[in-house]
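Colleague: Before I look at the coordinates, can we agree on terms and then go through a few buried positions and the nonpolar packing?

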Amino acid sequence: MTQPTLPLNDGSQIPQLGFGTWQTPAETAAAAVSAALAAGYRLIDTASIYGNEMGVGEGIHVSDVPREEVFVTTKLWNSHQGYDETLRACDESLRRLRLDYVDLYLIHWPMPRLDRYLESWRALVRLKNEGRTRSIGVSNFQIPHLRRLLDETGVTPSINQIELHPYFQQRSLREFHAQHGIVTESWSPLGQGGALLRDGQILRIAQKHQKTAAQVVLRWHLDCGLATIPKSVNPARIGENFQIFGFRLDAGDIAVLNGLDNPKGRIGPDPDTANF
Ligand code: A2P
């Protein structure tokens, strides 16, 4: 089956639907990644702070899927921001993953109070030039952080990975991304499996299409032109979340989902004030 991909501003392509591993324990990561690759996912997302890069790498290595067919993302942790620290941190991630390159390396959080994301970004540019990562991007950056990055370095990130789900739709940030050719990638696309998946309006749409609430929400992300990385450690749900290519939402469904936006609907930390 051919999966939808999105073009990046550096000429690469990213699969639109990927597999997230935040909160996936190190000891179950290999099994979860194996299940995801067997189910058809070709984008695997991890981060050094998740503590599971070794397991994620193991899952990729034991799979029958050739390395070059898997798009692997990992991320620079806050305490490793800075030029030299970033270069070292990427090498450490590659060592844990047992890979010679990742497909995408992201600055995990801007941490404006640290004020090191410009230096870190310049290191990411070097990592890309040296082939240790194919593409570079950021995560949790707000418009002022992106503007500063563009103004000071002239290098536009390929991706900004941000919290995004129907209860928190990030319209102005998405608009900025569209103007600058940055792909928006949604983290916690299912609202972390909470109230969103019990929403009466979503359940009604799900019933109409004979799909689950999770499948409807993920289909909405694809229809919005987003890349997205739902997380699960449960093989049945890993499979369920990938079975979203055989149906489409209609304009009325999309309007209902778009209407669920709540500017205060953020579940995770606020990138302007996050302190970890
Ligand atoms: P589990 O790992 O036990 O499947 P998000 O990607 O938005 O952060 O959501 C992840 C959370 O949602 C996890 O708690 C995950 O639990 C749960 N989850 C993932 N897929 C589904 C699904 N299809 N139905 C219900 N819950 C799900």
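Modeller: Helices (H or I, at least four residues) and strands (E, at least two) are DSSP runs, numbered from the N terminus. This is a predicted model, where local features need pLDDT of at least 70 and side-chain atom pairs count only at pLDDT 80 or more, while totals for chains, interfaces and linings use all residues. Residues are numbered from 1 along each chain as its sequence is written, and side-chain values use heavy atoms, with hydrogens and water left out.

Colleague: Where is the place of His165?

Modeller: Two elements flank this residue, strand 8 (159-163) and helix 6 (171-180). His165 is in the loop between strand 8 and helix 6.

Colleague: Is His165 buried or exposed, and with what relative accessible area?

Modeller: Buried means under 20% relative accessible area, exposed over 50%, and partly exposed in between (1.4 Å probe, protein chains only). Leaving aside neighbours within four places in sequence, His165 is in contact (heavy atoms within 4.5 Å) with Ser188, Pro189, Gly191, Leu196, Trp220, His221, Gly265 and Ile267. His165 counts as buried because its relative accessible area is 1%.

Colleague: With the side chain of which residue does the side chain of His165 make a polar contact?

Modeller: A polar contact is a pair of N or O atoms within 3.5 Å; within protein, one must be able to donate a hydrogen and the other to accept it, and residues adjacent in sequence count only if both atoms are side-chain atoms. At 2.8 Å, the partner side chain for His165 is that of Glu163.

Colleague: What is the relative accessible area of Gln169?

Modeller: Gln169 shares the loop setting, between strand 8 and helix 6. With neighbours within four places in sequence left out, residues in contact with Gln169 are Leu164, Arg174, Trp220, Leu257, Asn258, Leu260 and Asp261. Gln169 is buried, so its value falls under the cut-off, at 0%.

Colleague: Which residue's backbone oxygen, besides that of Pro166, lies 2.9 Å from a polar atom of the side chain of Gln169?

Modeller: The backbone oxygen of Pro166 lies 2.9 Å from a polar atom of the Gln169 side chain. A separation of 2.9 Å from a polar atom of that side chain is also found for the backbone oxygen of Leu257.

Colleague: What separates the C-alpha atoms of Gln169 and Ile229?

Modeller: Along the chain, Gln169 and Ile229 are 60 residues apart. In space, the separation of their C-alpha atoms is 15 Å.

Colleague: Which helix gives the largest share of the largest nonpolar core?

Modeller: A nonpolar core is a set of buried Ala, Val, Leu, Ile, Met, Phe, Trp, Tyr and Cys residues joined through side-chain atoms within 4.5 Å. The largest has 61 residues, and Phe19, Ile44, Tyr105, Ile202, Leu249 and Leu257 have the most contacts inside it. Seven residues, the largest share of this core, come from helix 8 (residues 213-223).

Colleague: How many residues are in the second, separate core?

Modeller: Leu43, Leu104, Leu106 and Met111 are included in this second core. Its number of residues is 16.

Colleague: Which aspartate is in contact with Phe19, leaving aside neighbours within four places in sequence?

Modeller: Phe19 is among the residues with the most contacts inside the largest core. Its contacts beyond those neighbours include Ala32, Val33, Ala36, Tyr41, Leu43, Ile44, Ile229, Pro230, Ser232 and Ile238. Also on that list is the aspartate, Asp45.
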